[in-house]
Amino acid sequence: MSEKYRHIRLLPPELRNQIAAGEVVERPASVLKELVENSLDAGAGQIDVCLENGGQSLISVQDDGSGVAPEELELAVTRHATSKIASMADLERIRSYGFRGEALPSIASVSRFAMTSAVVGADGQPRAQRVVVEHGRLVSSAPAALHRGTLVEVRDLFSNIPARLKFLKTPATEFKRAQDWLGRLALARSRVGLTLASGQREVLCFLPGQSLAQRLGQLWPRLVVEALRPFDGQRHGIRAHGLAALPTVSQPRGDRILFYVNGRSVTDKGLLAAVRDAYKGRLTSRDFPQVVLFVELDPAEVDVNVHPAKSEVRFRDTSAVFSAVSRILRETLDAASAVFVSPVPGREAPRPQGFWGRLDNPPLVERREEAEPEAEDWEIVPGGRACGQKARPEDGAESVPGFFAPGTDVGPAARMDSGAGTGPEGSGAGTGRGLSPAAGTGSTVEEILPARESFRDAGVLFPEAGNSGPEWMLAEPAAPYGFGEENAAASAPLPAPASREALRIGPLEYLGQVAQTYLVLRDGAGALLLLDQHAAHERVLYQRLRQGGFSGSGQLLALPLDLSLHPAETERFFALRHHLEALGFALESTATGLRVSGTPSLLSRAEARDFLREALAGRRDDLTEMFVSMACKGAIKAGQRLTPDEAAGLVQQWLATPSREHCPHGRPCVLRWDAADLEKLFKRRQ
């Protein structure tokens, strides 16, 4: 027989226990998880956990559960001994956390383990027993003093396995991982009180009967918890409930996505895909939502015996679970998303001139009155009128002696590029910088004195004798920085300046365009809204594409577009041909590649070429991604100036579009600030 031949033999019990412990006991956090789950299975109402040196020196778990009978306590630290299942039928319908009977003997084989448990006898008196196990060997078993429940103490973890001990992280890191696990278990059983201490310092305290949001408030930041919305629904016999955050508080990491299946904390790629699908179009691919998801279904429909640590599960009908979770979450997000405005019922969406309507369509918004012609020069006029407005004869306004009469050319030094101001009623106050008495009027400073006091009230400084130049400007109003209730009556508000009437689009007012990209709006509550014109138009076009709004609306090219194709692209073309033709492309396969004689009306020639290259190269895997790409290329671009009618038409179309808060890529279409938000931005309040 060869020297290299090795005989098959049974391994010693100590070695078998350590091998098995490697699957169950990875670090102090996994020990805490197994012990706390045992306490929960025992029906505990209060569980107290204490860790020393990150759990390496001591892990103590005490509960007030049902306990273990003294005659069964030694059996509890024997492998494959459990009270939770007894037959194959029980294994197929597991409702408890533990069921294998491996956790306690595995922990005892790599530590100095002590377990004290008490049960109430028939006479109503507690009977307690204590067992001590060192590195898998039973040292002692004797009566003990304990009123109720179970106390487990794990000391010197991995002290007999130096190779495993050196792979542990710092005590602070190990304690943080144990803290995360206890937090997960606390979310699953809100009726149970739990505490976590590091030495003599209490770190976590979950009171019995807290709500899910209250417990999350101790684990997650306040702003995230405030953005959580409850959801609860049932489909295909599968119930999905929990809390989901609005897309506005996403983060670049996925560590705040927690899954529970029948109360068991798990990691599952299928559930993660369902959540991502529900948030699709609301978040970018780089962002992750915050979700606590509980899935409840028949235990026979899920297999929890697929992972040594029981942290993964396998569903019998994965597609049904995916559909139920995705649909319930999506419906909740649709209802709970920040809806700034409501569409106007009974009005047909406009087709403004310029970017998707016909040139001969009438204007969308009728102005209620003709706007006054803009003044060529800025001037101070009486009657509380804005500086840029000229006095009209019917107003009965007279020019103030020594100041600019209507129509007086004051020269470039006295003109302003922007700004308008008002003063108290009848003061005739205006605003300006670099103002000086009109030349050639024959007025002196002394002749102006009777009127100067009324202008001084509005903040206009006048030059004193021997002083001119920089002081001839607006003074800072002599008012406190913030108006409180105590001085609100003494500080009467100034009348609003006369201005053009804003364009109204349903519940919104259009105020203008910023950076030729963002439309400035005001809603009925007086809040400020900024609408990204590209993102909004992209959402409108994407929705119309999904509903088949552009089917058969292709445009013929005067000069056909020829594309050379790789053999793989040619094969993909035949697979996608019917989809591309439904979008409006007129395509013909040639010996050298592809001839395009018609394109969708949304796309220019160059945009159509780029779109086809992306689709045929496989960068757009499904029809939805094609819609997204086509909408992005066909939408108006950032930096494109819009007329008021065009902007109003875009807003009107956007209001009538579902899921309008985000573009198809997941970026926000609109941002909103109310008075409180603006005060925080300007540091007026915390």
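The following dialogue examines how several descriptions of this predicted model are justified.

Student: Why is alanine 244 called buried or exposed, whichever applies?

Tutor: Alanine 244, which lies in strand β10 (residues 238-245), has a relative accessible area of 1%, and because buried means under 20% relative accessible area, alanine 244 is called buried.

Student: Which residues are in contact with alanine 244, leaving aside its neighbours within four places in sequence?

Tutor: Alanine 244 is in contact with Ala227, Leu228, Arg229, Phe231, Tyr279, Gln290, Val291 and Leu329, where contact means heavy atoms within 4.5 Å. As for leucine 228, its C-alpha atom and that of alanine 244 are separated by 5.1 Å, although the two residues are 16 residues apart along the chain.

Student: Why is leucine 15 called partly exposed?

Tutor: Leucine 15, a residue of helix α1 (residues 13-24), has a relative accessible area of 39%; since partly exposed is the range between under 20%, which is buried, and over 50%, which is exposed, the value places leucine 15 in the partly exposed class.

Student: What makes leucine 15 eligible for a nonpolar patch on the surface?

Tutor: Patches are made of residues with over 30% relative accessible area, and leucine 15 has 39%, so the residue passes that cut-off. Leu15 forms the patch with Leu11 and Ile19, and together they have about 250 Å² of accessible area.

Student: How do you know that strand β1 pairs with strands β7 and β2?

Tutor: Two strands pair if there are at least two bridges between them. Six bridges join β1 (residues 46-52) to β7 (residues 193-198), and these strands run parallel, with glutamine 46 standing opposite glycine 193. Six bridges also join β1 to β2 (residues 58-63), here in an antiparallel arrangement, with leucine 51 opposite isoleucine 59. Both pairings therefore satisfy the requirement of at least two bridges.

Student: What lies between β1 and β2 in their hairpin?

Tutor: Five residues lie between the two strands, and asparagine 53 in the turn has a positive phi of about 55°.

Student: Why is glutamate 102 said to have no salt bridge?

Tutor: Glutamate 102, in the loop between α4 (88-92) and α5 (103-108), is buried, and the nearest side chain of opposite charge, arginine 100, is 4.6 Å away. Because a salt bridge requires a side-chain nitrogen of Lys or Arg within 4 Å of a carboxyl oxygen, the 4.6 Å separation leaves glutamate 102 without one. Not counting residues up to four places away in sequence, glutamate 102 touches Val24, Arg79 and His80.

Technical notes:
Residues numbered from 1 in each chain as written. Predicted model: local features only at pLDDT ≥ 70, side-chain atom pairs only at ≥ 80, totals over all residues. Heavy atoms only, no water. Patch = residues over 30% accessible without salt bridge, like charges linked within 9 Å, V, L, I, M, F, W, Y side chains within 5 Å. Areas by Shrake-Rupley, 256 points an atom, 1.4 Å probe, with all protein chains shown as cover. Helix = DSSP H or I, 4+ residues; strand = E, 2+ residues; numbered from the N terminus. Buried < 20%, exposed > 50% of the residue type's maximum accessible area, 1.4 Å probe, protein only. Lys, Arg positive; Asp, Glu negative; His and termini not counted.
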